[in-house]
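Hi everyone, thanks for coming. Let me put the thing up on the screen and then we'll walk through it together.

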There are 2 protein chains.
Amino acid sequence: MTQPDDMTNGMGKVICDITISIDGYSAGLDQTEERPFGDDGGDGSGGMLHAWMFDTPEENRAEADQFAAAKAFIMGRNMFGPVRGEWDRPWNGWWGEDPPFHAPVFVLTHHARDPQQMDGGTTFYFVTDGIASALSQAREAAGDGDVVIAGGATAINQYLAAGLIDELQLHIVPLTLGAGTRLFEGVPQLKLEQVRSRAASLVTHVTYRVLS
Amino acid sequence: MTQPDDMTNGMGKVICDITISIDGYSAGLDQTEERPFGDDGGDGSGGMLHAWMFDTPEENRAEADQFAAAKAFIMGRNMFGPVRGEWDRPWNGWWGEDPPFHAPVFVLTHHARDPQQMDGGTTFYFVTDGIASALSQAREAAGDGDVVIAGGATAINQYLAAGLIDELQLHIVPLTLGAGTRLFEGVPQLKLEQVRSRAASLVTHVTYRVLS
């Protein structure tokens, strides 16, 4: 399942990249359009989970650059945007006119929709035939570059359970949520190898390789 | 709840110190006397969880020294030893004749028993009247030193829920257990401050101060 270190197969890695509370949640209970991170210990915006990104960007430049270096992304439906009667009207999701991906983004959904091209190189593709199809399309788009599964935890858990992840890039932040959407929920036991670990003031970044 | 930095009240800190899998478990399901860590991804001995201690002691000397510097310890019944018809015969628990605490250890239990003095300065005291009483006795014994709640997660969770912990010292290891005894289970949301974070080859050590 893991890639050989010399990448002789010419494929990049499949990396999941997500911010979690120290008790493993990527969002709290009772998510709504106005409070997309639900009961997150704050206003529901996920601000406390992601303070490391927004309040201390210089400290965490390496992790942001690594994320941005991916050549294709996959995300769950809720990470694209809130449910608004699904696709009955134009809607660009959470990400504004110039999303921070600058690459193809494959959105896992049950509702078909035409691709949506944004400024800055991001195009959202809507994939209705499952996680393996989305990964196949993302790998094709990424060429020999990496594919990042950007969240949420529900999407990542599906990929982990299917044995399709090479590497976990976790950003662990100092709060607990107690309930909500939890990384590793329903995923069989994993043996991992710690590849890197780095502390910044508001977060600890940990990179694990999936061994089995 | 947290101690002032200058410790003007003359008391040490109450620190919980525990090793957890990246999904937050300190032990797997189905713990038995022969497999005290249950379904831990290995032989049930907790060997994979604690490989950082046993396989790479030099790398992790600072954390071992910090643990050993506590002037009193508290632990749950299962961390003292397996259930053997409770106290119907002499039994020193898991720890052998010279336990690694070298200080008073207060064991939370429902079964009264006389204190048990071991070699090397460790005496086990058995506390039947609850976590607050155990902490009070441990604080008294520790003087101005620190009290460490050494586990398991069930004992720590009781102290966290009661707002009695100043600091978390977590040793996060690269495996997932998927089920078992989970740190933070049933504990209300916590705001924490990352005080330190340090990576060794088999573990990431994170120290958090409990803010609320």
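So, by what turn and what shift along the axis can chain B be laid on chain A? Before I answer, keep in mind that this is a predicted model. Okay: the turn is 180°, the shift along the axis is 0.0 Å, and the RMSD comes out at 0.0 Å. That's the relation of a two-fold axis.

Now, how do the two copies meet? Chain A puts 26 residues into the contact, and chain B puts in 26 residues too. On the chain B side, β10 (192-199) and β11 (204-210) each supply at least two of those residues. β10(B) is the top contributor there, with six residues. If you sort that side of chain B by character, you get 13 nonpolar residues, nine polar and four charged. And 100% of the interface residues of chain B are interface residues in chain A as well, so the copies meet through the same surface.

Let's go inside chain A and look at the sheet. We have nine strands in an open, mixed sheet, and the order reads β5-β6-β4-β3-β7-β1-β8-β11-β10. At the edges sit β5 (116-117) and β10 (192-199) of chain A, each pairing on one side only. Remember β10 from the other chain: β10(B) was the one giving six residues to the side that touches chain A. Zoom in on one pair in chain A: β4 (residues 104-108) and β6 (residues 123-127) run parallel, with five bridges between them. If you want a spot to click on, F106(A) stands opposite Y125(A) in β6(A).

Next, domains. For chain A the assignment gives domain 1 (36-64 + 153-188) and domain 2 (70-81 + 101-141). Their C-alpha centres are 19 Å apart. Six residues from domain 1 of chain A and six residues from domain 2 of chain A make the contact. On the domain 1 side, that's four nonpolar, two polar and no charged.

And then the core. Which residues have the most contacts inside the largest nonpolar core? They're F73(A), I74(A), F73(B) and I74(B), in a core of 111 residues. Domain 1 and domain 2 of chain A both give residues to this core, so it lies between them. Take F73(A) as an example: leaving aside neighbours within four places in sequence, F73(A) contacts F101(A), A103(A), V105(A), V148(A) and A150(A).

Last bit, the backbone oddities. Most residues other than glycine have a negative phi, and most peptide bonds are trans. Here, the bond from G151(A) to G152(A) is cis, with omega near -5°. You'll find G152(A) in the loop between β7 (147-149) and α5 (153-161) of chain A. Over in chain B, G151(B) and G152(B) are joined by a cis bond as well, with omega about -5°.

For positive phi, go to H102(A), where phi is near 55°. H102(A) is in the loop between α3 (77-80) and β4 of chain A. Is H102(A) buried, exposed or partly exposed? It has 16 other C-beta atoms within 10 Å, so it's partly exposed. D30(B) has a positive phi too, near 65°, and D30(B) sits in the loop between β2 (25-27) and α1 (51-55) of chain B. With 13 C-beta neighbours inside 10 Å, D30(B) also counts as partly exposed.

That's my tour, over to you.

Terms used: Residues numbered from 1 in each chain as written. Chains lettered and ligands numbered in written order. Predicted model: local features only at pLDDT ≥ 70, side-chain atom pairs only at ≥ 80, totals over all residues. Contact = placed C-beta atoms within 7 Å. Helix = DSSP H or I, 4+ residues; strand = E, 2+ residues; numbered from the N terminus. Nonpolar A, V, L, I, M, F, W, Y, C, P; charged D, E, K, R; others polar. Domains from an automatic or database assignment. Pairing = 2+ DSSP bridges. Least-squares fit on C-alpha atoms with pLDDT ≥ 70 in both. Core = buried A, V, L, I, M, F, W, Y, C linked by C-beta atoms within 7 Å. Buried ≥ 20, exposed ≤ 12 C-beta atoms within 10 Å, placed from the backbone.
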